[in-house]
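The following exercises examine how the chains of an assembly meet and how strands are arranged within it. Each task is followed by a worked solution.

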Amino acid sequence: MAAHKGIWVFLEARNGSLRDVSLQLIGEARRIADKRGTELTGILPGWKVESLARIAIECGCDQVFLVEDARLEFYTSRPFTKVMAALRWKYHPEVILFGASKNGRDLGGRLHAAIDTGLAADCVRFDVTEEGFLDMIRPAFGGKSLAHIHCEEHRPQMASARWNVFPMPKRDPARTGEVVRETVAFEDSDFDTRIVDFRATESHETRKIDDAKILVSGGFGLGDPKNFALLEEFASLLGGAVASSRKPVDLGWVPKALQVGQTGKTVRPDLYIAVGISGAVQHLAGMQEAAKIVAINNDPKAAIFEIADYGIVGDLFQVLPEAIRQLKAFKAQAGAALPREAAPEGRPSGA
Amino acid sequence: MMESAGKKGIRIVVCIKQVPKAQELQVDPVTKTLKRVGVPSEINPPDQNALEMALALREKHGGEIVVISMGPTSFDESLERAIAMGADRGFLVTDRNLGGSDTVPTALTLERAIEKVGQVDLVLCGEETTDASTGHVGPGIAGHMDIPQITYCSAVDLVDGRVRGVRMIEDGAETWEVPMPCVVTVDFGCNNPRQPTLTGKIRVKRGGLITHWSAADLGLEPSQIGLKGSPTIVAKVDTVQLPSRQGKIFEEEPAIAVSLLLESLRKDKVIP
Amino acid sequence: MAERFDAIVVGAGPAGSAAALTLARKKFSVLLVERGRAPGQKNMFGGRIYAWPLFDLVPDWQKDCPVERLVTKESLAFLTEDASLGLAFDSPRLAEGKAASFTALRAKFDAWLAKKAEDAGAMLITGIRVDDLWREDGRVKGVYVAPNDRVAADLVVIAEGATSTLVRKAGLKADLEPREVSIGVKETIELPPETIQERFSLGEKEGAATVYAGYASLGLRGGGFLYTNKASISLGLVISSEDLARKKLEVQDVQTKFRMHPAIQKLLKGGKLTEYSAHLVPELGRRMMPQLAGDGVLVAGDSAGFLINNGYTFRGVDLAMASGMAAGEAADAARSAGGMTAANLAAYERSLRAHNVLTDLEAFARAPLYLKNERLFDVYPRLLIDLAERVYRVDGTARERLVDTVLKEANASGVSKLALLMDLLRGARSM
């Protein structure tokens, strides 16, 4: 095997900026590159995106390979795969990381077959082994452990990670690095995909749980899709949003946009309340950074309690209605207190 | 297209996988791969959506639906169900040497099977599986075949001999148009998969609609498949080290427990 | 082009499988369609099968039929809240020859019989519910599941069970009225085989069947039953749904009280309750029967109301199997006579008589009305037990003659001598 060097991150440009997940990966890849003692390179196919290359360098890239072509303005699978493959064979990187956006997964999936190498999806952590391999860490099937994935004999070692798994890096304007313009030989067939339409969706629909400060999340323990209504009432009394673990999504009870976990979203709310959720590692991966965690479950041995700040062991069908009752009572009481505090001017307020 | 067969319409291949039903999965401690025995199974739900999409396309444009799967012989159950739902015939690539395959040999094997079926216009897959969730196999097949792909489609149609797919991506619905043959992966939950019919079940019972292929039948060497042919391996499995938390658990009856909880959260200034 | 068979049997219970097996043997191409995931999954009964039809249907049935226990002990018991008065008949001849009966579990038995039909050439399809009959010009042409999911056949045999919708859709019968229907309920209590054998004084393969009257049904019209399986007890009740509605009682509450009776508790001690099921039981025998044959259609089993409940016998599975065989034979005769017309299929009624299905039902036609006599379920059991207590409690006071005791007790219960006499006569006649 020829000597492979260098950590690469695929940089996804969209509507004039780099996707957050690409920047988050730069932050993590920088750490890995330092540990490995090698360079970090961003790969940026696009059109009129040189300023984004600068941002990538400020966030931690030592250099950026810029491939510009008007036909690369919007992502399509074949030309982007061609770019990555051509550069791979030119430079022999040891690692390529992708943000697991829809396009990132579209690209990584096609590329790994085209260049015959391994791709570990949805990693929650990276490390470097003693031998210098990339240690790609993700929750294991079974919900109680972490698997360490290695790609020992194939290069490059490729992996993806989802939004918010890694923090946003700080931009350092003083950082310097080179922007290298690369050209790739395309064929007509690379551009046989036409984008004929685009309809933006209401952003709040898909980002509902990403930004919420309080999340009330339901799991398989709810037993029935209609019981999510209880969660909604509870959440709205707290001023929060409803989320879900994986099983209710797989069973079709709630849309995928609400899924928190390794294969859903990673969230960092101020308060995360897990109702009827057992606490499989895949789920914890998506919410363990919440400031405060509350668990409600009738199984005292549920793993979720090990990560909770507060917990109630009990039947959620008794606990939730009780919580709703008490919150309503508290609100009513707080409301009743107002007239006293809002006494009109010039008049003494109560005795 | 299928003009040469004297029939109008397109030949669609739907790749399906049999997965444990939406419940606890278990890993075999020796091979560190998924345990598949003794748990009730179903067709991977996104693959059901893909099959439903294929059935709708055949209703509209005519043609043939072939289902393909890779796995142990127990996967025949899913191929039978797919045919009972309306697919025309099925192929199972089954071989001990395929055990432990990651997405590279899986995509390769399915690609070889698709080529052996021949004259395929459209390959449909679910966007990902509920057990492994990588989403790599659909695009991987397209990468091996060097044909166009459209992923995460909630709607697919044929327009002037080209395939149009509406992709559901983060900020909206993006419609792509590509020539055939191509691979399309289907958004989980975008349609209601139909039930098997009595007529379909009778066709299955009459037999002869499912063929088994070995890896050798597809010209695959043992070194290209299974654990040996997989670039990635699970090097080890750790128990999780969880960050330590306060861990104040209330076991009193609901009214008291809730009251104590809300009080604590207010004191922490997390709720109003 | 729709799929086509000579005959389609709807329902793979005992009636349906018997029909399919008979038809397949007579070289009909047969489709046997079951709505459950497996035959027997959705089926329930008290617990005992009279084996006589099996000797013709599956002559070597004793080789591999999933028999729980062969019944060698028959009992009848009257109950009040805390006492029981019983009559037990123990004889090896009960299990001999064509009179043999055995306890069984439906999931196993129905699957076994359906497999026999498959082995004979019937195609068994499970997990599909037939929605309607496919009809044209007043003839039944096949079955209909959905607009583009139909299968054609010259003959459809409806063997769907007590809650058959197809019989109604075929215009062959009116809806079940409350008078015509009872509710059957059953619990399975697991016990080790040795415990069962000890408590009921049974050998390793032997079984007991008991019928309970009186408090078992809380005085409502009906009866309780207990059957011993290999490693469990089937305990349950059949009660008039009209009486339940009138007294505003839930059948599971009646069952619980029955199970908690001290005499029953002694038999169940240490057991684990593992299953509960409830089902409609058509009553009234011959008087409620639907029209049995039409152009291209026959009705068999519970769908035709082929059940007998005369207070000391519960029979259904044997009549179902016999009617399935009769349906197969009638189809064969009709085919020879030129087609599946209602006229040719009248051979069905003849065949039912030949197999003693209709004959037995008619003979017991009086029983259901007799069993509507409320005194049988509360007054007489109490009377008998009070009588027994008087006879068996010797406390030093003056003893009186048995006849005097009887008349005194009857009087105390508010039953006139005449009513008592009439009940005795009617009972004797209808049994």
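**Exercise 1. Consider a salt bridge between chains A and B, and place it within the interface to which it belongs.**

Solution. The model is a predicted one.

Step 1. Begin with one pair of residues. A:Arg110 forms a salt bridge with B:Asp146, and their closest N and O atoms are 3.5 Å apart. The criterion allows up to 4 Å between a side-chain nitrogen of Lys or Arg and a carboxyl oxygen of Asp or Glu, so this pair qualifies.

Step 2. Find the element that contributes most on the side of chain A. Helix α4 (residues 102-114) of chain A supplies nine residues, the largest share of the side that touches chain B.

Step 3. Classify the residues on that side. The side of chain A that touches chain B holds 37 nonpolar, 22 polar and 27 charged residues.

Step 4. Widen the view to the whole interface. Between chain A and chain B there are 11 salt bridges, and 42 residue pairs are in polar contact, both residues being at pLDDT 80 or more. In contact are 86 residues of chain A and 77 residues of chain B. The two chains bury about 7100 Å² between them, with 57% of it on carbon and sulfur atoms.

Step 5. Look for strand pairing across the interface. Strand β18 (residues 310-313) of chain A runs parallel to strand β13 (residues 248-250) of chain B, and three bridges join them. Within this pairing, A:Tyr310 stands opposite B:Lys248.

**Exercise 2. Describe the interface of chains B and C, and state which pair of chains has the most contacts.**

Solution.

Step 1. Count the residues. Nine residues of chain B are in contact with 17 residues of chain C.

Step 2. Consider the area. About 1000 Å² is buried between chain B and chain C, and carbon and sulfur atoms give 62% of this. On the side of chain B, the residues B:Leu198, B:Ile202 and B:Lys205 lose the most area to chain C, together 54% of what that side buries.

Step 3. Examine the polar links. Two salt bridges are found across this interface; one of them joins B:Arg206 to C:Glu3, with the closest N and O atoms 2.8 Å apart. Six residue pairs are in polar contact, both residues being at pLDDT 80 or more. The side of chain B that touches chain C has three nonpolar, two polar and four charged residues.

Step 4. Compare the pairs of chains. Of the two pairs that touch, chains A and B have the most contacts. Chain A and chain C do not touch, their nearest C-alpha atoms being 21 Å apart.

**Exercise 3. Determine the strand order of a sheet in chain A, then contrast its pairing with that of a hairpin in chain C.**

Solution.

Step 1. Write the order. Seven strands of chain A form an open sheet, β7-β11-β6-β1-β4-β5-β12, with parallel pairing.

Step 2. Identify the edges. Strands β7 (119-120) and β12 (178-181) of chain A each pair on one side only. The partner of β12(A) is strand β5 (residues 63-68) of chain A, in the parallel sense over four bridges. There, A:Leu66 stands opposite A:Arg181.

Step 3. Add a helix. Helix α1 (residues 20-36) of chain A lies across β1, β4, β6 and β11 of chain A and runs at about 175 degrees to β1(A).

Step 4. Turn to chain C. Strands β8 (residues 132-136) and β9 (residues 139-146) of chain C pair in the antiparallel sense over five bridges, with C:Arg135 opposite C:Val140. These strands form a hairpin with two residues between them, and C:Asp137 in the turn has a positive phi of about 50 degrees.

Definitions and conventions:
Residues numbered from 1 in each chain as written. Chains lettered and ligands numbered in written order. Predicted model: local features only at pLDDT ≥ 70, side-chain atom pairs only at ≥ 80, totals over all residues. Heavy atoms only, no water. Contact = heavy atoms within 4.5 Å. Buried area = accessible area lost by both parts, 1.4 Å probe. Polar contact = N/O pair within 3.5 Å; in protein donor to acceptor, adjacent residues only side chain to side chain. Nonpolar A, V, L, I, M, F, W, Y, C, P; charged D, E, K, R; others polar. Pairing = 2+ DSSP bridges. Axes fitted to C-alpha atoms, helices over the stretch in contact; angles between N-to-C directions.
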